[in-house]
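Here's a friendly walk through one protein model. Take a look at the sequence and the structure first, then read on.

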Amino acid sequence: MPFTRRATMTVVLSCLLLAGCKSASLGGSSPSGTTSAPGAVSGANGAGRAIAVGAGPQKKYAVQQQPAAGSCHYRYEKSEPLEDPACTPGAVSPAVTQANLASTICRKGGYTSAVRPSTYVTGKEKKLNAASYGFTGSMRDAEYDHLISLQLGGDPNDYRNLWVEPTDPGHKKGSGVNNLKDPVETKLHTAVCSGKVTLAAAQQAIVTDWTTALGRLGLS
């Protein structure tokens, strides 16, 4: 037996005896269950992370526990508020897929209103989430926002997909909710339903950074 072959066999036997070597060094595959999900996020804020899958629409929603008070921190991009990815990483609904767009988010009339939790539930969650983020502004002007909007297949009531979104710069106090993220979501929805981008791509873009989502997908 050639020396190199004897040396290789020795290493293999040593690995088996000590159970300390990985199959990758011998050309093996990675363990099962480690492949990225279809909603895997790319970019600085979510590289290598898969978007969580929530419980989906419920007949009766319960108030969800929120992150600990003061544990979440806003980020800002060109003065626009962004969520804390550690507290609000986003979550998608298992009821919405690329295959059933026509009967869910792209159908005419009623999808979002049919799956949206009641204000009785979201009102309580909003107050709790405001404490999570240390938000002290006007609750009337702040939006309890789905990071991945319902019209993009976001989960309706998963705490990972909801955050108290502060107002945009220059917003007139007391004028109610009016955020620039909303038209971005609408444009993404239109692009998904027209086949310009996939559902997963739109979800990835909005989770990574809503302020760059349209440009990232060539829609700006």
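## A starting point: T88

Let's begin with one residue in this predicted model. T88 sits in the loop that runs between strand 5 (80-82) and strand 6 (91-92). Is T88 buried or exposed? Its relative accessibility is 1%, so T88 counts as buried, since buried means under 20%.

Which residues does T88 touch, leaving aside those up to four places away in sequence? They are E83, Y133, L147, R160, N161, L162 and W163. Keep Y133 and W163 in mind, as both turn up again in the next part.

## The aromatic cluster

Searching the whole structure turns up three aromatic pairs. A pair of aromatic rings is described by how far apart the centres are and by the angle of the planes. For Y74 and Y133, the ring centres are 4.6 Å apart and the planes are at 25 degrees, so this pair is stacked; the cut-off for that is under 30 degrees. Y74 belongs to the loop between strand 3 (52-53) and strand 4 (75-77), while Y133 belongs to helix 3, so the pair ties together parts that are 59 residues apart in sequence. Both Y74 and Y133 are buried.

Y133 has another partner, W163. Here the ring centres are 6.4 Å apart with the planes at 50 degrees, so the pair is tilted. W163 is in strand 8 (residues 162-165) and Y133 is in helix 3, so this pair links parts that are 30 residues apart in sequence. W163 is buried, just as Y133 is. Put together, Y74, Y133 and W163 form one aromatic cluster.

## Two disulfides

How many disulfides are there? The count comes to two. As a reminder, a disulfide is a covalent bond between the sulfur atoms of two cysteines.

One of them joins C72 to C87, with an S to S distance of 2.1 Å. The angle about the S-S bond is -100 degrees, and the link of C72 and C87 is left-handed. C72 lies in the loop between strand 3 and strand 4, and C87 in the loop between strand 5 and strand 6, so the pair ties together parts that are 15 residues apart in sequence. C72 counts as buried because its relative accessibility is 2%, and C87, at 8%, counts as buried too.

Another disulfide joins C106 to C193, with S to S at 2.0 Å. The link of C106 and C193 is left-handed, with -90 degrees about the S-S bond. C106 is in the loop between strand 6 and helix 2 (111-115) and C193 is in helix 4, so this link ties together parts that are 87 residues apart in sequence. What about accessibility? C106 has 24% relative accessibility, so C106 counts as partly exposed. C193 is partly exposed as well, with a relative accessible area of 33%.

## The largest pocket

Last stop: the largest pocket, which has a volume of about 310 Å³. Its lining is made up of 17 residues, and the closest to the pocket's centre are R116, E143, Y144, H146 and L150. Which elements give two or more residues to this lining? Helix 3 (119-133), strand 7 (143-146) and helix 4 (181-193) do.

By class, the lining of the largest pocket is a mix of four nonpolar, seven polar and six charged residues. Helix 4, one of the elements that contribute to the lining, is also where C193 of the second link sits.

How values were computed
Residues numbered from 1 in each chain as written. Predicted model: local features only at pLDDT ≥ 70, side-chain atom pairs only at ≥ 80, totals over all residues. Heavy atoms only, no water. 1 Å grid on protein atoms, 1.4 Å probe; cavity = no way out; pocket = protein on both sides within 12 Å on 5 of 7 lines; lining within 4 Å. Points joined across faces, edges and corners; volume = space filled by probe spheres on them. Helix = DSSP H or I, 4+ residues; strand = E, 2+ residues; numbered from the N terminus. Nonpolar A, V, L, I, M, F, W, Y, C, P; charged D, E, K, R; others polar. Buried < 20%, exposed > 50% of the residue type's maximum accessible area, 1.4 Å probe, protein only. Contact = heavy atoms within 4.5 Å. Phe/Tyr/Trp six-rings, centres within 6.5 Å; stacked < 30°, edge-to-face > 60°. Disulfide = S-S within 2.5 Å.
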